[in-house]
Number of protein chains: 2
Amino acid sequence: MIAQTPEPPYYAVIFTSERTALEEGYEETATRMVALAKEQPGFLGVESSRTEIGITVSYWKDLEAIKHWKMNMEHSVARAKGRTDWYSTFKVRIAKVERDYEFEK
Amino acid sequence: MIAQTPEPPYYAVIFTSERTALEEGYEETATRMVALAKEQPGFLGVESSRTEIGITVSYWKDLEAIKHWKMNMEHSVARAKGRTDWYSTFKVRIAKVERDYEFEK
């Protein structure tokens, strides 16, 4: 679903990844991380899609909220597992959303 | 493929969408738009994935490059067709990438 974010400015974390063939624990951890992220202060929304590559964009109130989420213990354990098991490569971009607009039929 | 972008700062256009059931012309136009975007001044890369929602993130040198691309005639025609035919809803976010980091096995 398209995230219903407030008026800019706010922050986006663009996480682009390619997976390994290892499935064990991946889906449940991904689902759990979304649920956990939603509980964090400053969380504004998340959008995710995976075909050849996966793109997950999470939205945050400010850099402080992103830092706080990065330091979450369960998230840190999941990220370590991401490097050893689930991802062959990924890129993280932290970006300040300056403008947005939408269209609905 | 994960886009090989230069050192920040640069800009990201995050385009998140939900499709209608209308297929006619969609795939060929999407492919053509990527090819056309790549020819534009200031284009840095693009990443795209579609499952329940589609997420396309294109990267640009600066706001001027984004504006120039938006004004491209063929792109404008395609965007109009997107509103009438291909998308039930979409959101566009323009964001300044301040930091990035990557991981490779």
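1. Two strands are said to pair if DSSP finds at least two bridges between them, and the strands and helices named in this note are DSSP runs (H or I over at least four residues for helices, E over at least two for strands) numbered from the N terminus. In this predicted model, local features need pLDDT of at least 70 and side-chain atom pairs count only at pLDDT 80 or more, whereas totals for chains, interfaces and linings use all residues. Residues are numbered from 1 along each chain as its sequence is written, chains are lettered from A and ligands numbered from 1 in the order in which they are written, and side-chain values use heavy atoms, with hydrogens and water left out.

2. Within chain A, strand β2 (residues 43-50) and strand β3 (residues 54-60) run antiparallel and are joined by seven bridges. They form a hairpin with three residues between β2(A) and β3(A), and in this pairing A:F43 stands opposite A:W60 in β3(A).

3. The pairing also crosses from one chain to the other, since strand β4 (residues 87-104) of chain A and strand β4 (residues 87-104) of chain B pair in the antiparallel sense over 15 bridges. Along this junction A:F90 stands opposite B:F103, and A:V92 stands opposite B:Y101. On the chain B side, β4(B) also pairs with strand β1 (residues 10-19) of chain B, again in the antiparallel sense, over ten bridges, with B:A12 opposite B:A95 in β4(B).

4. As for symmetry, a turn of 180 degrees with a shift of 0.0 Å along the axis lays chain B on chain A with an RMSD of 0.0 Å, which means that the relation is that of a two-fold axis. The superposition is by least squares on the C-alpha atoms of residues with pLDDT of at least 70 in both copies.

5. Taking contact to mean heavy atoms within 4.5 Å, 46 residues of chain B are in contact with 46 residues of chain A. Because 100% of the interface residues of chain B are also interface residues in chain A, the copies meet through the same surface. Chain B and chain A bury about 4,200 Å² between them, 53% of it on carbon and sulfur atoms, where buried area is the accessible area (1.4 Å probe) that two parts lose on being put together, summed over both.

6. Six salt bridges are found across the interface of chain B and chain A, a salt bridge being a side-chain nitrogen of Lys or Arg within 4 Å of a carboxyl oxygen of Asp or Glu. B:R93 forms a salt bridge with A:E47, with the closest N and O atoms 3.0 Å apart. The side of chain B that touches chain A draws at least two residues from each of β1, β2 (43-50), β3 (54-60), α2 (63-71), α3 (73-86) and β4 of chain B, and β4(B) gives the most, with 18 residues.

7. A point to check by eye is the cis peptide bond that joins A:P8 and A:P9, with omega about 5 degrees; A:P9 is found in the segment before β1 (10-19) of chain A. In chain B, a cis peptide bond joins B:P8 and B:P9, with omega about 5 degrees, and B:P9 has its place in the segment before β1 of chain B.
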